[in-house]
Amino acid sequence: MFKKIILLCVLSFILLTEQVAFAKGNLQASNSQEYSSNDFTQMEVDSADLKSANFSLIGYEKVADTEKLQLYVNPKTLAIKVKNNQTGYIWSSTLDNMSKHNLNDSWQDFVDSALTIQYLNAQGKLRTESIISNSSKITFTKEQAGFSANITFKKAKIKMTISVELKEHDITINIPDKKIAEPGKVKLVSANVYPFLGAVKKAEVPGYMFIPDGPGALIRFNNHSPNMESAYSAAVYGDDKGIFVEKAASETNKSYRASIPVFGMVHGENQNAMLGILAEGEHYARIEAYKAGLATEFNWATAKFTYRNTYKQPTSKNEKNGKSIELYEETRSSFNIKLKFTFLEKENANYVGMAKSYQQHLEGIGVLQRSAGKSPLVRLEFLGGEKKAGSLWDSVVAMTPITSLPNYVNRLTEKDISDFFIIYKGWNDNGLTGSFPDKFPVERKLGTKQDVKATVKKLNSNGIPLYFYTDYVKAYKQSSSLFGGSKIAKQVNTKLIVDKENEQEHYFLHPQKAKELAVEDKEKYKSYHMNYLAIDSTGFELYSAFNDSQVSSRKETEQYFVDLLELLNEGEAAKTALYEPNQYAWKMTGKYLDIPMHSSRFLYATDTVPFLQIVLKGYMDYYAPFSNFSPNHKEDLLRLIEYGAYPSFLLTQSPSYQLAKTPSRNIYTSEYTTWENHIIHYYKIMCDSLLFVKDETIDNRQVLADGVVKVTYSNNTFFFINYTNAAFTDNNITVPAKDFVVVKGADGNE
């Protein structure tokens, strides 16, 4: 069959001038072990057809079936089993022959029960109870498409209702908040719901757990590190800074928050898979994944829902002495639990199939819509000004006056570089970290109001959208608008929420005040002709606030921020670019900035996978972190192409050493003249690669060998990416070392 090799693009001639000093750079060849590390994806090994490990249906009642699935339940424990009619495979929430496994009584109760709760007894002591721990009272009712049950835990006396409904491809588990009853002084703390659904003993089944770490990561069943001491545990949408501000140890990697509420299991690649989606209650959940060897000999993943958090209450006005007591929140968080488990088989039983299934779910609820129109191939982010502390008063270092931007546009368009957009940050009064939440007027060292309007007009005439950086979370201590502190969010212990970024401390705005501020700013943006905004923090910081008369739960904070974003884009998502947005903000996201390209690389993970990119490609433009800080530019370009991500550069007119005594001292290379050739080179590579799949979706991704990947798009375009030091041949397609090939045709294997 006819096919055409569109491009063989050699990256080896990337020119890195000696003017650029990469502190962490290393362009030398890496050894082959690098490509089997957890920063890449391992090859899959074919396995024989799997048989269900927990297949017994003795004691189980079939309560619902569809063409694809059958649902069984044990009325005494509410344990469930789901049979896939197409494969015969049975997914189980418990273990057959429990006594044969190395589990104590508490673990057996945990495994066998649909629900396990933690609670505070009347004396304030933390206790754990499962459904079968003390023979809880269960009122079981068979429903048309499943079952429901009223549960009264015997010791805790806490009452809850659970229902499980079978649909064509999935089951949905509901625990309504209004049906929870706490007797007397007893307080519900947390709940685990079917935590062992899909659990695997050691490496008895080939496969893996999927976790939403960075772009996505896998924890394979057949890879145990003797140095592994912890499980994966991440709060959905990040930890609540209204409860505590976690300070990571300096010697550890910064971990990614779970920006999407999903996890999964694969039992045999291309055989059986299960995707869990937290459809409600995700704001109060942690996704946890335990490797065999941590407490038990099983691999298991779950969502744990927290009704009351612990927090530290200082016992002294002198915060430096660090004395505090640990308390639980008095008021229970109010939320429904809704867990959806989708079961996949055959060619869809893998992380790609999970991502496509999640994509369909988001499209079905209106979060994602297919993109159409212009998708700029490069992001250029210019820093205007930055604050510099002085002995008597602060000053502003002017790095890029706004009137200089058209000059750079002209230089690039003269070289046939035209498909990009610009973000201008640090334009606000007193520079980037100077005056937030105040923004206006524009810092006088960078230009006037007329300069802003004239620059916007000039760039518009060249078809280049100009986005203005802003933020509705950060509030710097020196801002005059914070007098009295009423705009600042408080933690549950009444302390102000404060965090540190690049050694610069900032408060967190109360979400209601942030929304009110956006209403005020909206008219000012219009008067300056600032039609496009790049909004930081607001799309990913999700925190509760405990101000005296203005308490805001995480769910309420989300709504404030969603309303804020809708207000600023006036219904046109293309007008807002968001930095690292959580799933709930995607509907208001025109461009996704700083999409994760690596996982946290902790020992428990075995692979990094572009799950997030597979979900979003064809629905939203996404841009990688700045390439001028990449330690390896060849690999950076290849990963951009493999993940379908567009490159970004952080730029200034003045040399970066002028930032040495400012909060932006971490910017060590940014001068435009240094990076112009790199921008041009990256742009041309994008034109010769991702331009062919601008509005397409990713249909498949295969690892052909360690460090060699094939990506298939919906328009029958195939990308072969070779990270290694040796050429690779797949049938009649040869991919040179550290290079890629694009193939356009009906069959990439021909």
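Colleague: In this predicted model, what covers the buried residues of α4?

Modeller: The cover includes α3 (405-413), β27 (420-425) and β28 (466-471), where contact means heavy atoms within 4.5 Å. The residues being covered are Val 452, Thr 455, Val 456 and Leu 459, which are buried in α4.

Colleague: What makes those buried residues of α4 line one face of the helix?

Modeller: Seen down the axis of α4, the buried residues fall within an arc of 100 degrees, so they line one face of the helix. On the other side of α4 are Gln 450, Lys 457 and Ser 461, which are exposed.

Colleague: How do you know that the reach of α4 is close to the span expected of a helix with its number of residues?

Modeller: Helix α4, residues 449-461, has 13 residues and reaches 19 Å from its first C-alpha to its last. The expected span is 1.5 Å times one less than the number of residues, so the value to set beside that reach is 18 Å, and the two are close. Just after α4, Gly 463 takes a positive phi of about 75 degrees.

Colleague: Why is β14 called mostly covered?

Modeller: Buried means under 20% relative accessible area, and five of the five residues of β14, which spans residues 207-211, are buried. Both faces are covered, with Gly 207, Met 209 and Ile 211 buried on one side, and Tyr 208 and Phe 210 buried on the other.

Colleague: What makes β14 and β17 a pair of strands?

Modeller: Two strands pair if at least two bridges are found between them, and β14 and β17 (residues 262-267) have four, in the antiparallel sense, so the criterion is satisfied. Within β17, His 267 is the bridge partner of Gly 207.

Colleague: How do you know that β14 also pairs with β15?

Modeller: The reasoning again starts from the requirement of at least two bridges: four bridges join β14 to β15 (residues 217-220), and the two strands run antiparallel, so they count as a pair. Ile 211 stands opposite Ala 217 in β15. The hairpin of β14 and β15 has five residues between the strands, and in this hairpin Gly 214 takes a positive phi near 65 degrees.

Colleague: Why is Ser 106 called exposed?

Modeller: Exposed means over 50% relative accessible area, and Ser 106 has 55%, so the residue is exposed. Its place is in helix α1, residues 105-112. Ser 106 and Thr 306 are 200 residues apart in sequence and 20 Å apart in space, C-alpha to C-alpha.

Notes: Residues are numbered from 1 along each chain as its sequence is written. This is a predicted model: local features need pLDDT of at least 70, side-chain atom pairs count only at pLDDT 80 or more; totals for chains, interfaces and linings use all residues. Side-chain values use heavy atoms; hydrogens and water are left out. Buried means under 20% relative accessible area, exposed over 50%, partly exposed in between (1.4 Å probe, protein chains only). The arc is that of the directions from the helix axis to the C-beta atoms.
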